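Work through the exercises below with the sequence and the structure side by side, and try each task before you read its solution.

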Amino acid sequence: MRTAAESWRAFPAGQQPDWQGTEELRAVTGWLETAPPLVFAAECDRLRRRTAAVARGEAVLLQGGDCAETFDRVTADTIRGSLRTLLQMAVVLTHATALPVVKIGRMAGQYAKPRSSPVEHRDGLALPSYRGDAVNGLEFTAEARRADPGRLRLMYEASARTLNLVRALTTGGFADLRQVHEWNRGFVADSRAGERYEELADEIGRSLDFMQACGVDTRELGTAEFFVGHEGLLLDYESALTRTEPATGRAYATSGHLLWIGERTRDLDGAHVEYFSKVHNPVAVKLGPATQPDTVLKLIDRLDPDREPGRLTFVVRAGADRVRDLLPTLVEKVNAEGALVCWVSDPMHGNTTTAASGHKTRRFDTVLDEVRGFMEVHQALGTHPGGIHVELTGDDVTECTGGGNEVLAEDLHHRYETACDPRLNHAQSLDLAFLLAEMYRGPLGP
């Protein structure tokens with residue numbers, strides 16, 4: 001039987017780069033095969049237990065981070081900002097739901113992107129599309145757009161630096177619950193929509209005061225359990241970092257804790273589904289607006305044949321105008337099959353538009369409407385809305401319009417910094433968390 005690192009090569013692999021230099025590719029993947037794992041099997045198993053709780057309705061999943069990480073933004077400030085934003089969102093959701101929040105950064109590996117066209121045209125010149133820093137450069141030149149295998153090693157090294165800082169921050173006091181709460185109080189005070197969130201923020205503060213008055217040992221609140229994930233797109237990279245645990249014989253993708261299969265690569269007979277069917281990590285699959293129920297059931301058979309809670313997450317990216325029509329049938333069919341999966345909303349990818357200025361953007365109200373539709377469907381069915389997966393940054397970028405501190409279409413050019421798709425900025429991300437908290441505390445809440 002072929003191993004996880006090998007079996008996918010017998011299947012068609014979509015969205016793979018046209019690597020220049022097979023000898024260089026073999027040299028880089030050979031180096032990766034002997035490199036230390038970025039994450040460990042025990043950590044992946046722990047996340048699988050956490051996602052099992054989400055699937056059972058006993059926890060909520062929050063995943064967020066960059067659309068596409070870039071090598072030049074692997075800085076302490078950037079990583080700290082994204083982590084801070086996710087911790088702030090998690091505190092709000094934890095209090096609103098009275099459930100643990102499973103925190104997953106879309107980081108330490110999100111360096112490759114699928115593209116709708118392999119070629120980009122500008123001013124009569126055609127060059128290969130930018131596929132993320134793991135493959136080529138953003139500059140529109142023939143040299144920069146060359147698919148360079150040496151970038152896979154840079155991806156590994158950048159991911160290792162990110163993970164080192166994340167681990168240090170989440171265990172070294174940065175995640176202290178009182179500090180995170182004070183950050184949120186500052187946001188509420190500064191936000192134009194802050195009055196709407198003030199009551200919830202005050203409730204959190206009173207809860208912390210009550211714990212302290214009761215003599216609760218809050219030292220454990222100074223750390224946070226945090227995982228990382230990315231789209232497992234580049235199979236040469238993922239397979240080179242596959243490791244088998246001697247004690248169990250199980251194979252793990254050690255590039256991240258949770259990896260997902262994208263909308264463009266979830267072909268049932270394709271290499272991505274084959275590879276991820278062979279590794280023991282928790283796995284997610286993106287489901288777009290054209291997804292058929294039979295396809296979802298076949299994905300379960302391929303990726304979760306034993307129907308193990310926590311193994312499989314479906315991330316729905318239907319678009320605000322389609323989610324209420326698409327999602328009910330999918331959830332009902334999966335439930336009838338007896339599969340206990342995590343249902344997560346990706347309200348970003350189905351709601352991208354182009355502004356008059358030419359910038360790709362997303363309207364905050366439309367993003368919020370897709371989340372609301374996702375919640376409404378689960379409320380009507382009596383099922384658990386497992387959480388959200390969003391593209392965000394801790395910086396004050398101007399890439400998505402709207403939000404409490406409103407970004408206007410004419411503001412987009414001020415700080416439009418994404419390497420690919422538009423992200424929620426720090427304030428918009430917290431707006432979303434407080435508004436989602438209100439939804440959980442409504443008919444769905446405790």
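**Exercise 1.** By class, how many nonpolar, polar and charged residues does the lining of the largest cavity have?

*Solution.* Begin with the setting: the model is a predicted one, and it holds three cavities of 30 Å³ or more. The largest cavity encloses about 120 Å³ of space, and of the 13 residues that line it, D66, E69, R73, T78 and I79 are the closest to its centre. Sorting the lining by class then gives four nonpolar, five polar and four charged residues. As a last step, look at where the lining comes from: helix α4 (residues 76-97) provides the largest share, three residues.

**Exercise 2.** Find which residues line the second largest cavity, and sort them by class.

*Solution.* This cavity holds about 50 Å³ of space, and its lining is made of D66, C67, A68, E69, T70, R73, E417, T418, A419 and R423. Sorted by class, the lining has three nonpolar, two polar and five charged residues.

**Exercise 3.** Trace the order of the strands in the closed barrel, and then examine how β9 and β10 pair.

*Solution.* The eight strands of the closed barrel run β1-β2-β5-β8-β9-β10-β11-β14, with parallel pairing, and the twist from one strand to the next averages 25 degrees. Within this barrel, β9 (residues 283-287) and β10 (residues 312-316) pair in the parallel sense over five bridges, and L287 has V316 in β10 as its bridge partner. Helix α10 (residues 293-303) packs on the sheet, where it touches β8, β9 and β10, and its direction makes about 150 degrees with that of β10. Helix α11 (residues 323-336) also packs on the sheet, touching β9, β10 and β11, and its direction makes about 165 degrees with that of β11.

Terms used: Residues are numbered from 1 along each chain as its sequence is written. This is a predicted model: local features need pLDDT of at least 70, side-chain atom pairs count only at pLDDT 80 or more; totals for chains, interfaces and linings use all residues. Side-chain values use heavy atoms; hydrogens and water are left out. On a 1 Å grid over the protein atoms alone, a cavity is a set of points where a 1.4 Å probe fits but cannot get out, and a pocket is an open set with protein on both sides within 12 Å along at least five of seven lines; lining residues have an atom within 4 Å of a point. Grid points are joined across faces, edges and corners, and a volume is the space filled by probe spheres set on the points. Helices (H or I, at least four residues) and strands (E, at least two) are DSSP runs, numbered from the N terminus. Ala, Val, Leu, Ile, Met, Phe, Trp, Tyr, Cys and Pro count as nonpolar, Asp, Glu, Lys and Arg as charged, and the others, Gly among them, as polar. Two strands pair if DSSP finds at least two bridges between them. Axes are lines fitted to C-alpha atoms, for helices over the stretch in contact, and angles run from 0 to 180 degrees between N-to-C directions. Contact means heavy atoms within 4.5 Å.
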